Amino acid sequence: MPRHALPIRAILLLLAITGSPLAQGEALSGAPPAGILAIDEAFARGGESAVAGILPLLKDRDLDVRTHAMRRLVEIGEPAVDPLLAALADESTRWPASGALLNIGTPAVRKTVLAVKHRDPAVRRGALFILQQMEVTSSAPSIQSALSDPDVSVQVQAIRAIAHFGGQGALRLLLEKVDTGYPPLVRDAAIEALAGFGEAVLPSLRSMYLQGGGEMRVAAIRALGGTGTPEGIDLVRSALSDKSALVRYYACRVLADAADTASAAAVAALLGDTDPTVREAAGEASARMIEASKEALFRLLRDGTPLEKIESATAIRKAAYCPAVPLLAEVIRDPLPEVRLSAAAALMVLSCPDVVETLVNGLRDPQIRWVCILGLRQAGTAAVTSLLRRTGDSELDYWKQHVLSGMEENALEGCVEALEREKDAGTRNAALCTLEQIRDARAAWPIVRMLGDPQVGQVASFLAARMGKIAVEPLLLSLRDENPAVRARSAVALGEMRESRATALLRERLNDPDSDVREAASKALQRIAPGTSSP
């Protein structure tokens, strides 16, 4: 029996026979829902009249009302069967109607068997499902006849029902449905169903694979993988060398689905296949079995053909496999730009140590530069410090700054971290320059905080002045900082900006105990309001 059959039936049984907690609670309070009252009123009439009154309430928005309707229809029994079968045609009532019919049981069997010939395919499909769930083996002839139904969805449901009952006769019928003359949905359903027969189907599938054409061999491979048996998987492995690209493609997919790590090296060998779809399937399979595939992939990255290197790098990218980073760092220097590009694309998605430095170095290569830029921006804050370090290589430093300029929020956070942690003056100056370019109020505060720094304070003052209005507030507050260097440089920056709002505070600084602050305040006032004299 298929593993989904019992759970589905259990759900329908629960819906059909379980009392409604909400309805019971409301009944105790003296106020049952109007729908439940309507159901009970119709039920009291009995027979077909009761069914006619209850059936529309299977569509009620209230689950408790729908459940109560199902229970009452089950209690009515045989008179409700025909209307319930007709309700299978309506998607909104199909499941509750199925649940009611299942629980009516034997009185519903005969008419459900006849419904397999109903004019509406939805009713035919629903009837097959119900017969399957009710274990009505006597309905086998009707179910078998549905294999020739003009509607594909009915054929699919018939296949599932036949597989559910099993037996050699069922196996023979399903094998016929795998033939290439049937619609793909029918063939797929038959292949899936065959897998459920386990070892019993192996001789037939083996024969189909050895003697059939390309599409039949594909069907055999798919079903063999679904059996989950060692013999079945072994046959699938042999299909990796099949003459048909379609068979090789599906063999890769089936082995990946089966997580067959023993085939990892053989699958990876197809990364150099002449057919691109096979290479894609082999790459997907290698990525899904990355630990088993890593040795083969690393070997191909080092010594493979350009095509194998590209596909191996792609598989590593899909698996996001960090242990490959050192090798990718070598491949990124390959003579062929296509190979370098695949390695850079793999590095771009890896959130691993050492990736940032490799991508930064890749900025020198115009063939892969745009990928490196995207990767570094995606790395965010983690990349900022490396980007801020100046190398003396003007072109590389230009592109590093170009990356930073597009990082926005991530650049801000990274620059602040660099100012706090880095000791190199060049790196810290680059961080300040980057913050100034962000042109955001949140970037102004970190710059102003550096005014008292003996290493970069002068640069911070110059950049703060260039930031304009967004730096005014932190600079005004800094005029009262306890550090005289901060007060003096704030005054210089405000003077450069000719900020009139600073006039009063600057006048206070004319009496500052520190001579440098007094001098800076006086010069700033002269710039803001020429002719202003010192006291």
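Helices (H or I, at least four residues) and strands (E, at least two) are DSSP runs, numbered from the N terminus. The model is predicted: local features need pLDDT of at least 70, side-chain atom pairs count only at pLDDT 80 or more, and totals for chains, interfaces and linings use all residues. Residues are numbered from 1 along each chain as its sequence is written, and side-chain values use heavy atoms, with hydrogens and water left out.

**Exercise 1. Positive phi**

Task: State where Arg-498 lies and whether it is buried, partly exposed or exposed; then do likewise for the place and accessibility of Glu-135.

Solution. Step 1: Most residues other than glycine have a negative phi. Step 2: Arg-498, not a glycine, has a positive phi of about 50 degrees. Arg-498 belongs to the loop between helix H33 (484–497) and helix H34 (503–509). Its relative accessible area is 48%, so Arg-498 is partly exposed (buried means under 20%, exposed over 50%, partly exposed in between, with a 1.4 Å probe and protein chains only). Step 3: Glu-135 also has a positive phi, near 60 degrees. Glu-135 is found in the loop between H9 and H10, and its 33% relative accessibility makes it partly exposed.

**Exercise 2. A serine in the H9–H10 loop**

Task: Describe the surroundings of Ser-139 and the polar partner of its side chain.

Solution. Step 1: Ser-139 sits in the loop between helix H9 (121–133) and helix H10 (140–145). Step 2: Ser-139 counts as buried because its relative accessibility is 1%. Step 3: A polar atom of the Ser-139 side chain lies 2.5 Å from the backbone oxygen of Val-136. Step 4: Not counting residues up to four places away in sequence, Ser-139 touches Val-113 and Leu-131 (contact means heavy atoms within 4.5 Å).

**Exercise 3. Two helix pairs**

Task: Give the relative direction of H3 and H5 and of H11 and H12.

Solution. Step 1: Axes are lines fitted to C-alpha atoms, for helices over the stretch in contact, and angles run from 0 to 180 degrees between N-to-C directions. Angles under 35 degrees count as roughly parallel, over 145 as roughly antiparallel, 65 to 115 as roughly perpendicular and the rest as oblique. Step 2: Helix H3 (residues 34–45) packs on helix H5 (residues 63–76) at about 10 degrees, with the axes 9 Å apart. H3 is therefore roughly parallel to H5. Residues in this contact include Ile-36, Ile-39 and Phe-43 of H3 and Val-65, Ala-69 and Ile-76 of H5. Step 3: The axes of helix H11 (residues 152–165) and helix H12 (residues 168–177) come within 9 Å and cross at roughly 150 degrees. H11 is therefore roughly antiparallel to H12. Gln-155, Ile-159, Ile-162 and Ala-163 of H11 meet Ala-170, Leu-173, Leu-174 and Lys-177 of H12.

**Exercise 4. Buried helix residues**

Task: Find the contacts of Ala-50 and Ser-312, leaving aside neighbours within four places in sequence.

Solution. Step 1: Ala-50 is part of helix H4 (residues 47–54) and is buried, at 0% relative accessible area. Step 2: Its contacts are Ala-42, Phe-43 and Ile-76. The C-alpha atoms of Ala-50 and Pro-79 are 9.4 Å apart, with their positions 29 residues apart along the chain. Step 3: Ser-312, in helix H21 (residues 306–319), is likewise buried, at 0%. Ser-312 is in contact with Leu-271, Leu-297, Leu-300 and Leu-301.

How values were computed
Polar contact = N/O pair within 3.5 Å; in protein donor to acceptor, adjacent residues only side chain to side chain.
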